[in-house]
Each structure stands twice: as C-alpha cells, then as structure tokens.
Amino acid sequence: MLAPVTECLLRLEDEPYGIDDYRSGVPRWCTGCGDNAILTAVQRLCRDEKLPLEKIVCVSGIGCASRFPHYMNTYGFHSLHGRALPVAEGIKMRRPDLHVFVATGDGDCCSIGAAHWIHAIRYNMDMTVLMHDNQIYGLTKKQVSPTSPLGLRSNTTPRGAYLEPLNPLSATLGVSNVSFVAQAVDWIPEVLYQIIAQAFHHKGFSFIRILQRCPEFLPDLFEPWLQDPDKVKLLSHADGIEVSAGLAKTYKNLEAHDPANLDRAREIASVTDPIPVGILYRNSAVPRYEEIRAPDRTFTPAMVKAGLEKEMDKFTIWPAD
Amino acid sequence: MRSHIESTGAGAAKTKPAKPKPARRASGANHENKPDDVKADAMELAPSAATETGSGADAAAGPALRPALLAGYRNLAALRHDFPLLLVAGEGGEGGDGWVRSLSGMIDGILQDIAPQGAEGEALRRQLLGLEREVRALVSRGAGGSLSELWTRAAKQLRGVGDADASSVADNLARARNALRLDGAVIDCDAESPAKLFSHAWTTMQRAKTRAVLDEINELVLGLSDILKADFMRSDAARAPAALKGAVGTSYEAEFDFDALSRLLTDASPRDALPEPRRRRIGAALSVLQAQRFFAPAVAGEDNGEGLYSFAFESCEKAREALQDRLPAMVALIKAIAIAELEIENRYKAATHDAFFESFDENTLTPEGWALFPTYLICLRDAALDAAETATLIELLSSSLPMKIMLQSDDILAGPALGPGSLALGTPSTRLANMAVGLGGAYVLQASGASLYRLRHRIRSGLEYAGPALFSLFSGAGPTTPGLRPYLAAAAAEQSRAFPVFSYNPAAGRDWASRFSVADNPQAAAAWPVQHLAYEDENHQRLSEDVAFTVLDFVACDRRYGEYFSAVPRSEWHARMVPAVESLTGEAGGAPEATPYLLMIDESDALQRVVVDHRLLQAARRCGETWHSLQELGGIDNSHAKRLLESERELWEQEKAREIEALRGQAAPAPPEPAVEQALPAAVAEAPAPEVAAAEAEEAPPSDDPYIETARCTTCNECTDLNNRMFAYDDNMQAYIADPDAGTYRQLVEAAEACQVAILHPGKPRNPDEPNLADLIERAADFE
C-alpha cells in the first residue's frame, strides 16, 4: 500500500473469514468422492490465509473436477474442455493481484488440454493447479483417461486399456521452467492441506497431482493403498512437508527428500507403488512469464489516449492551407 | 598525502639538494645536533622575523612556503586521485552508489575488461592512462562538459603528439571508448563541485523514487478508472443504441440492429449501479490523483512539466514557505491515495472511513506519509548565511521535515581578527555541524570537498534519511590559500583536524556507537596524522622522519596568518626548537624554553623551519581538544569507557583476591552434590518428548463411546448423508460425532462401513434394546 494509513485502516477493519464464507452451494459430487476433500482443503487454506473472496479466482475446464468453481464463493470461470490453463493465464496476466486456483482433471489436463499444460509449465505463471486424478472420465460415466491403468475395462476399452498410463509427474518434471511439482492423495487430508498451502505460497506454476477416489466408477482402484499405509511413501523435508507425530504413527514409510533435488524428484516420480506423497520439486528462482512480460510502467487511460493520438497523428493528412 | 592519491613521490617530500642559503639543510629528527644559537623564541619572533624576511604574508607563510608534507603535490593534475568525478547520467546512476564514479576508477575498470595481461596490453594501458591524464589536465584548466566530449578532445590531443603509431592509438582508444558504458558531466574539485555533486545525487535519487511513486499512483488511477468504467458499462447510457453503434464502428454497422441490441442488453443485464456517494468519492479521489503536482511523469515528453513543484532551493526560508504552501495539497494527495487503495480493495466502509477522512489533516501525516514525497534540497553558501537564515536552518534541523541542507564553506579560518589576547580558529558556520549533532534527530555529515567521492555512501544515506540532514562541506576553494588547489586545501583541512570528517546518522541505531563516527578521518585514533617525510641533505644523503600534520600546518597555508609564522635561518637553529606537534600534544608544551616549529618548504622545495606564535599555538590546542571530544564521541579514547574499565578491573581483581583467599582457607573439599539427573525421579527423566506425548494424548480413545479420527476425515459426506444430526462437520469441514444419541447403533456401524478411510469407530451400543445388536456388534468389531 502506498499510503501508510491504508494499512492501519485495513487492519482495523480486518474481519475474520470462516470456512463457510468460501462455500457456495452443496457439492453435487457423488458421496465419497475425493473432490470433496480437495475442495475442503482449498477452503481451509483460503480461510487460514484470510484471502478476500474477491481476490480469488477458480478456473476449471470440463469434467467432474471442473465443477469446483461452482462450490467456491469467489470469482470463477468454468471454461472449455482442456482450456482452463490459458484462461487462468489470461486472468493472471491482466490481474496479477488475484489468487488463481485451477481445478482440472486427468482427462481435461492430460488429454485435450495437454498442449496448454506443457506450455503453462513453461510459462511458470503464478497459480496453483490442482489436477484431480481419478484415472477415469467420471462425468461421462466411465471412459478411459490418459492416466487409466493398463488393462482397465471401461466403456471405451471393454477389453481393457491398451496403453501404459501417462505419468503426469514425470511429464511435468520434464518440461523446461518447471518450478513446483507435488503429489497428494485425497485420503490423507493433513498432507493434502500442507501441500496445497505450500503450492499456494510458491511464486510460480504449482502443479499438484492429487490421486483421488472415484467411488462410483472405480471404487476399488486405490483400495490396496487405503488398506495398507505402508504403500504410501511420505516425502518429508524441512523445506517440504512436515509429518506430524500423529500421522507418523499411521504412515511409517517415510523418505527424506530435498525438493531442490530435481534428479531425485524424477526418480521418485517414476515410482507408482508405493505412492510417493509430498513435494517432489521446488525452485523459486525460475522466472515467471507475468513478470518477464509485465510492462515497465502503468498506463492510465489518459496516457493510452495520448499515445494513440500521437501515433495516429503520424498518419494524419492535414488539409492544405 | 592522502591514501587515495596515487603517485610516485606522493607522501614522500623529496627536497632538492640543499643550497648555501638560507638555511635549507634538513636536519632530520635528531634535535641534539641542531645549532643552539637561535635567540628569539616564538613569542617575540613573529614581528621581527617578518621584518627580516620581508612581509609576513608573502615571505613567512604565503605562497612562498607550504607544509613539507605537501611537497609531492605541486602538480596535482599529474597525479591519479579521486577527481575528476563523473556524475553518471540516466538510469545507470540509480541504485547504490553508482551515481558518481571516479575517472581513475572507470579507466581501471576499462583496462581490466579489455587490456590483455602482460606486454601485449602494455600499449593500451599506456595510451589509456595517457588519455586519463589529458582529461584530468583539461578539467583542471577549467574545461567542462560530458565525459564523452572530454574523451574526444583528449583523444584528439593524444593522437597529435608523440611518436606512437597514430592508427594504433586511435584503434586502442576506440576499443576503450566502446567499453565505456556510462556518461555524464565531469567535475573537478572546485568551488562549484559540492553543489553540482549534491544536486546530481539528489536528482538521481528523487528520479528513482518519483518513478516508483508515480507508477503506484498510475495504478490507482487505472484501478479507479476501471471501477467507473465498469459502472458505466452497466448503465443505460452505455447500452443506448448510439453508444453500441459507436462501439461497433462503421465497417459493420449495417449488420446490426442497435435498437434491438440495446433493448436486449438493457432487459437482460442486472442493474447494480454504483451508489452515488461511492461514485462521487471515487471521482474526487481520481481528480486529485490526476492533478497532483508533486511527481513528474516517468517519461520526458509525456507532459511538459508545467505546474510541477520544484524542490531545490537556495534558502531555508524559501524552502520552508514552499513546504507550508504545499501542505494542503500533500494532505489531499495522501487522502486520495488511501481512499483509492481502499476502494480498489473493496474495503472502504463509509460508516467508519467517512468520519476518519473528514478529519484527516496535516496532523495526521506520519513520517511514512512524508516519506512518499520528494525531499527538499537546499544549497547554501556560508557567506550568505545571515542570522535569520541560520535561525531557520536550525529550526528545520530540529524538525522532522525532509530538508536536505548542503552548507558549503569556502573559508573555514576567516582571518585572525579577534579580540585582544585571544585567537579562535574557525568560522561560526563551521560549528553548525557540531551543533546539529546535538539536536539528535538530524543526519549530519561534515566533510571536505576532497572526500566527497570517498564518502558517497554517507551522502546517499543522508539523502535517503527520512528526516532533515545537514551536509557541512569545506570546498577548499577560498582565496586565501592561493598556492594550493582546492582539492589539496580541502584535504589539508581534513588531515589537520581543522575540518574533521564526522557523521551522525540517527537511523543507524539507538546508541552513539551506532550513530556517530569519526572513522572516516585519516588515522582517526591519533591526535594528529603522521606521515613519513623523506628528503636529502646538502650531501645528497637520504634522510627521513615522521612528521605530524597539524592544524598549524593548515593555518600556515593561509596568507592571512603570515604574521604568526616566521622562518628561522639555519644559522639560528638551536636545541630548544621542537616540532610544533610536541608542543600541541603536551609532550614538551609545558617547557617554556621550547620553541615550536613547523617543517615547511619553499618554492624550490628546500626545507625550512618556521616558528609559530604562541597565540596560534593556544588556538591550535583548542582545535586539538575539539578533535579529541569528537574522538571520544566516536568511541576513541572514551574517558567514560576508560573509567568504567578501570573500576571493573578493580572489582575483578578484588573478587579474584577473595577467591584466592577462600581457596587457601579451605581445609578439605566439600562432598560433591548429587547430580541433577540422580535427583530427578525416574518418571521425569524418561518423560517422552512433548510432541510424542501430545500425539499419544490425541489418540487416546474413549472406552465405549463412538468416535471419529477427525483429522483424517476427507469430507466425503458418507456419514453426514446418513445422519446429519449424529455426524457433523467441524470448522475445518471434517466430521465428528456431534450427538451419539441422535441415531441408532446401526447407523453408527453402517457409517463406519461406508467410511472410505475407515476412521469411524462405532464403540459399544448405547441402547441395549436396539434390535439385532449381536449382529451389529460383530460388524463393528472390524472398526475397533
């Protein structure tokens, strides 16, 4: 704030937000859906960070996850299939003061939106991307997605999926300018919250792949991991997530991983069992597109008008005297 | 003389071989060998000696003689030193101390960048150093202009002389020129340089600050304009057919039915216009922001700058009047900025903020608010400082206003005309800096013109300081030291403690040790700086001695004080003659028979002994005491610290003595006390870490009651959908059992079975009459 008095006035009028302030309507996701846990974690974060409602924008594409903006009492943009990221980039470019969350699914991001995804990583614009990965197209009732496991029987692959699934973590870590990559699972809310919070504070493109259950179409997909906590490996580090004593009693499979280590992050990303959970990579030094391309000064309407008049005058043919 | 002058011979006065007359043979420091037949002492020598040697002004201490330590600096233009300086133009000068550069430093930098190591780069080094010498000579002869212009002139002269290959010179200088990335005005050390340098520093810093603030203001203008524009776009006027037609343009206007479009938009869009008071408030703030006159546009040419306030003054009174006149506009601008920020953040609350802003006036301005605006630069000459101006100056320094006052003195001795029997060195204006330090809240820097480059960081600190600042400077360009160039005179004043360097920065900390410093003086820990003087005797034998440079040496350069000095012919030197510094420091000062003298040189660099009048000695002692006071304030030889140290040492020695006595008196050692670990109960010693204890406390389940591991709940709605009175969400939207009696044991068991993460534990049945309990208890066993 330029005027010191503004800070004082804002502090005086500071009103605490409750989690209900960020809620809008009743989610229409299926009961038991992992999307609920992600929504709750984001709402908790907004409350804890005291983010003004009008300073948040949630952007989504198409899919179950893309109903996310409807359930946030903030600005939202339910855009086209696969186009959440370019819309979010436009918002961030024009309004860098807004906090941008992108909710996208495995189909929305890794299939039709794959080109935007790759370039969004490269642009490294400051936004928090939540990739809800239930490994199935749920909204259209069970078609195979790019992350579906090999052999998965679906309405489009009745004999089983033919291809190995795409690994979003490895793909993201392979793109230049990558700056933040994490993996979470919806069934460990404490870690999910921590990861989203750290992604939010990271200045750059924060990509979180969140493995989530689809109780309707793939109810047993993650059952082995739910039943056996040792099949989840928590990545802990002073610069990553901190595993609480309570959590450590359940999840004993821990690995100390420095998020600055890109090579090790790539190794970890390639492992699917046990599921690595935590911050794989973080580099705050990567330049951000919105900063690189930010104008060196602000143009007021009067300045724009004066500039245009000046340019136009160059081509004006003045009548002869 | 100063460490920042680089030259062969500098600091080592090399006198010519002694000539037969007058007494020029230097005798070195061996006083025992000196002749003892000088009859007159200092008290009675001055008038008679002046008669003997001609006029006192010209013969004794005028242009004819100068302190021996200045022997190496006759041709200053041939010596590499700080000056000339480049006042870096444009944004290259912004940030840190890059606003000013030394020519020598820049040439060194270029050589480091482009000159190959060894013999290969020798020609380039020689030619570029030659160019530097030419530029320095041009500037010393009064040539002005930018570095690029002076470079061109110097290069032309270099190409025209010597036997060097002209094309090689041109090529090398062209390469060097390409490596020269900065430009700006070049200044020498003269009467005008302090004002030029300060104006440049201040302008550079204000430019960066203005750009930043103006950009913020433009952001606010844009934000407010956006709000008004959005409001307009929702208005009937914006949806009128004519407005829509204008928005589409002429190319495709035939394709549209603007009446129909207008009707559609008017009917379909929500009507939520800005409340009128808010629109007025935003409009008013916008007007103030757009009409402000404090900050010039960031890019020249966007505005002709008419109507902008000026912040550079030559009088304290005028600066104060200007500030008073502008105060209402400052308040209005701060208010508009605050309102704009609140409006853009959507945080303006009329119920509370209206009253606050109505009573907002200059008394509400905080130091942070003042800091937004440009500071005021006032360049003063002490000659124009009358009583009224001095009073205003002190008033400004006592305030917290951002006044940056540069007070330049060209003459710090002002002649010996004082009352009978008394002689005081220094003019009233030169004491202002000492007084300003006592005010406590003003930044103060006293320095000579020769040190401006070396002290550029202190100049920057003073200009950046939020409150008032006084820069008291001695230019060295007075008319009474015609034999010395201003740089040398200024440096001599600083060296001799006649005008010592000190700085006081209230922002540097809360104590004197942090705020006050005399460390920028040469040999700050010494009473007088001592330099090594080497010379030859009449037999061409090399001699040397350490010579102090005292305030007497500086005064001896001033022709007005000629009658207080007298050269003594060598034939009259005697054993009671002692270096004047000994008399000043008290080592021999108490001996009435001692005759203090200075070592000086004449125009042919022959050494002379010059005796000093006792009145001047007394004045010099007072000057030394003033310097000692500054040293104490700066933590050097501080008497309070010494006393404290002494008393602490005494206490320590007494304590140690007692301990020794006690040890001697001990007949046998006392039995050892039990170790702390042994005294502790085992349970305490083995207590787990708090974190683990907390975790264990958390996990302790109630015996038969149902419970949920709330922290692991994923908000999946399974249980709340089953019974939202029995199960509820907490503040984190995670489930807990709100009322175990609000449902059946069956619902508890079914909820546990439905829970995706198996964190619901049904416990034992609370109603023994519930049907099918046995089956339910068996199903619940999986979740215990």
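A salt bridge here is a side-chain nitrogen of Lys or Arg within 4 Å of a carboxyl oxygen of Asp or Glu. I wrote that down before anything else, and I also noted that the model I am reading is predicted.

**Entry 1: a salt bridge between chains**

I looked up A:Lys55 and found that it forms a salt bridge with B:Glu345, where the closest N and O atoms are 3.4 Å apart. The pair crosses between chains: A:Lys55 sits in the loop between helix 2 (35–48) and strand 1 (56–60) of chain A, while B:Glu345 sits in the loop between helix 12 and helix 13 of chain B. I then asked how many salt bridges there are between chain B and chain A. The count is 2, and for the structure over all chains I noted 50 salt bridges.

**Entry 2: the interface**

I turned next to the contact between the two chains, in which 48 residues of chain B touch 42 residues of chain A. The size of an interface is often given as the accessible area lost when the parts come together, so I looked up that value too. Chain B and chain A bury about 3900 Å² between them, and 58% of this lies on carbon and sulfur atoms. Which three residues supply more of the area that chain B buries against chain A than any other three? I found B:Arg347, B:Met733 and B:Gln756, which together supply 14% of that area.

For polar contacts between chain B and chain A, I recorded 16 residue pairs, counting those with both residues at pLDDT 80 or more. Several elements give two or more residues to the side of chain B that touches chain A, among them helix 7 (193–233), helix 12 (316–344) and helix 13 (350–358) of chain B. The largest share of that side, 10 residues, comes from helix 7 of chain B. When I sorted the side by class, I had 19 nonpolar, 13 polar and 16 charged residues.

**Entry 3: a patch on chain A**

I also looked at the surface of chain A, where A:Phe299, A:Val304 and A:Leu308 make a nonpolar patch of about 260 Å². I placed A:Leu308 in helix 12 of chain A, which covers residues 301–314.

**Entry 4: the backbone**

Most residues other than glycine have a negative phi, and most peptide bonds are trans. With that in mind I noted the exceptions that follow.

- A:Asp273 and A:Pro274 are joined by a cis peptide bond with omega of about 0°, and A:Pro274 lies in the loop between helix 10 (262–269) and strand 9 (275–282) of chain A.
- The peptide bond from B:Phe83 to B:Pro84 is cis as well, with omega near 0°, and I found B:Pro84 in the loop between strand 1 (66–67) and strand 2 (85–88) of chain B.
- A:Lys141 is not a glycine, yet its phi is positive, about 70°, and this residue is in the loop between strand 4 (127–133) and helix 6 (168–173) of chain A.

Notes:
Residues are numbered from 1 along each chain as its sequence is written. Chains are lettered from A and ligands numbered from 1 in the order in which they are written. Side-chain values use heavy atoms; hydrogens and water are left out. Contact means heavy atoms within 4.5 Å. Buried area is the accessible area (1.4 Å probe) that two parts lose on being put together, summed over both. A polar contact is a pair of N or O atoms within 3.5 Å; within protein, one must be able to donate a hydrogen and the other to accept it, and residues adjacent in sequence count only if both atoms are side-chain atoms. Helices (H or I, at least four residues) and strands (E, at least two) are DSSP runs, numbered from the N terminus. Ala, Val, Leu, Ile, Met, Phe, Trp, Tyr, Cys and Pro count as nonpolar, Asp, Glu, Lys and Arg as charged, and the others, Gly among them, as polar. Patches are made of residues with over 30% relative accessible area and no salt bridge: like charges are joined within 9 Å, nonpolar side chains (Val, Leu, Ile, Met, Phe, Trp, Tyr) within 5 Å. Accessible areas come from the Shrake-Rupley method with a 1.4 Å probe; for residues, only the protein chains shown count as cover.
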